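Visitor: I am new to this structure. Please take me to a single part and look at it closely.

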Amino acid sequence: MIAVIWRWFRGKAALRMQGANVWVGLIEPQRLHRRRLKLGDALFWQGDATVAVFHVDRGRVRLVRHLEGGSSVTLHVARADETFAEATLWAEAYHCDCVTEVPSEVTVIPKPDLLVALEGNPQAALALARGLAAQVRDLRSRLELRNIRSASERVMAWLRLQMSGARPMVRLDRPWTEIAADTGLTHEAINRALAVLERTGRLVRESGVVTLSAGPGPAGEVAPKKR
């Protein structure tokens, strides 16, 4: 299962950028405008009326859905050159919050303009449909990741998904407190899992870089030594 998720994550970013370039370019530049956002600013809130979709010019934003009972789930983290909120083209209200994780700048693409443009361009509409399908598969992959019961193995799976190329290395672009939400773990649980993985030699953390190794075996099966 993890191998399938990994292959999907490695290809999804390129697919989204290719599709977005087709339909974002349909809108006349004078109809677009940019918004500069500080750390923690909200672009929209869950339940707000939908007025636009967005392109991240720089920075990073998080889409968070609030559930009944007070819990929440991260639906997506959009980075530079990615688009988001496309599904709201056919919705009356945004189904999540959008909050910046770092100072960011986004291009606002008006919903009415984009809908009209898509009606006259089947190729762009198809590109948008492919992007939406990619988001559905992305969300399903996140749900499958959360089905891994061992916290240590879930962290290892998440790290493998972030690797690019053959090097067993991940350069983190955000703190573990935010990564914990992506994996469905608490901050305390992810810290304990990282401690076990380091103690058993399955990873090394240094200056925002995590290097993976095969290690002696599943971290969850290794008990700490008695003193």
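Visitor: What does A85 count as, buried or exposed?

Guide: A85 counts as buried, because its relative accessibility is 11%. Buried means under 20% relative accessible area, exposed over 50%, and partly exposed anything in between (1.4 Å probe, protein chains only).

First, the ground rules. This is a predicted model, in which local features need pLDDT of at least 70 and side-chain atom pairs pLDDT 80 or more, while totals for chains, interfaces and linings use all residues. Residues count from 1 along each chain as its sequence is written, and side-chain values use heavy atoms, leaving out hydrogens and water.

Back to A85. Its place is the loop between β6 and β7. Helices (H or I, at least four residues) and strands (E, at least two) are DSSP runs, numbered from the N terminus. The backbone is worth a look here. A85 is not a glycine, yet its phi is positive, at about 70°. Most residues other than glycine have a negative phi.

Now stay in that loop and find Y94. Y94 sits between β6 (83–84) and β7 (97–100), while F54 belongs to strand β3 (residues 52–58), so this aromatic pair ties together parts that are 40 residues apart in sequence. Rings of Phe, Tyr and Trp (its six-membered ring) pair if their centres lie within 6.5 Å; planes under 30 degrees apart are stacked, over 60 edge-to-face, the rest tilted. The ring centres of F54 and Y94 are 6.5 Å apart and the planes meet at 40°, so the pair is tilted. F54 and Y94 are both buried. They also have company: F44, F54, F84 and Y94 make up one aromatic cluster. The structure as a whole has five aromatic pairs.

Next, look at strand β5 (residues 72–79). Six of its eight residues are buried, so β5 is largely enclosed by the rest of the structure. Its antiparallel partner is strand β4 (residues 60–66), joined to β5 by seven bridges. Two strands pair if DSSP finds at least two bridges between them. R60 stands opposite R79 of β5. The hairpin of β4 and β5 has five residues between its strands, and G69 there takes a positive phi near 95°.

For a contrast with A85, go to S207. S207 is in the loop between β10 and β11. This residue, too, is not a glycine but has a positive phi, of about 50°. Its relative accessibility is 74%, so S207 counts as exposed.

S207 leads to a sheet. Three strands form this open sheet, ordered β9-β11-β10, with antiparallel pairing. β9 (169–171) and β10 (203–206) are at the edges with a single partner strand each, so each has one side without a neighbour in the sheet. The average twist is 15° from one strand to the next. Three bridges link β9 to strand β11 (residues 209–212), again in the antiparallel sense. One of the residues paired there is R171, whose bridge partner in β11 is V209. Helix α4 (residues 151–162) packs on this sheet. α4 touches β9, β10 and β11, and its direction makes about 105° with that of β11.

α4 has helix neighbours as well. Axes are lines fitted to C-alpha atoms, for helices over the stretch in contact, and angles run from 0 to 180 degrees between N-to-C directions. Contact means heavy atoms within 4.5 Å.

Take α4 and α5 first. Their axes are 11 Å apart, and the helices pack at an angle of about 100°. From α4 come R154, V155, W158 and L159; they meet W176, I179, D182 and T183 of α5.

Then α4 and α6. These axes come within 8 Å and cross at roughly 80°. Here A151, S152, V155 and M156 of α4 meet I190, A193, L194, V196 and L197 of α6.

α5 and α6 meet too. The axes of helix α5 (residues 176–183) and helix α6 (residues 187–199) come within 9 Å, crossing at roughly 100°. W176, T177, I179, A180 and T183 of α5 touch H187, I190 and L194 of α6.

Finally, step back. The chain holds six helices and eleven strands. Of its 227 residues, 42% are buried. Among contacts between residues at least 6 apart in sequence, 72% join residues at least 24 apart.
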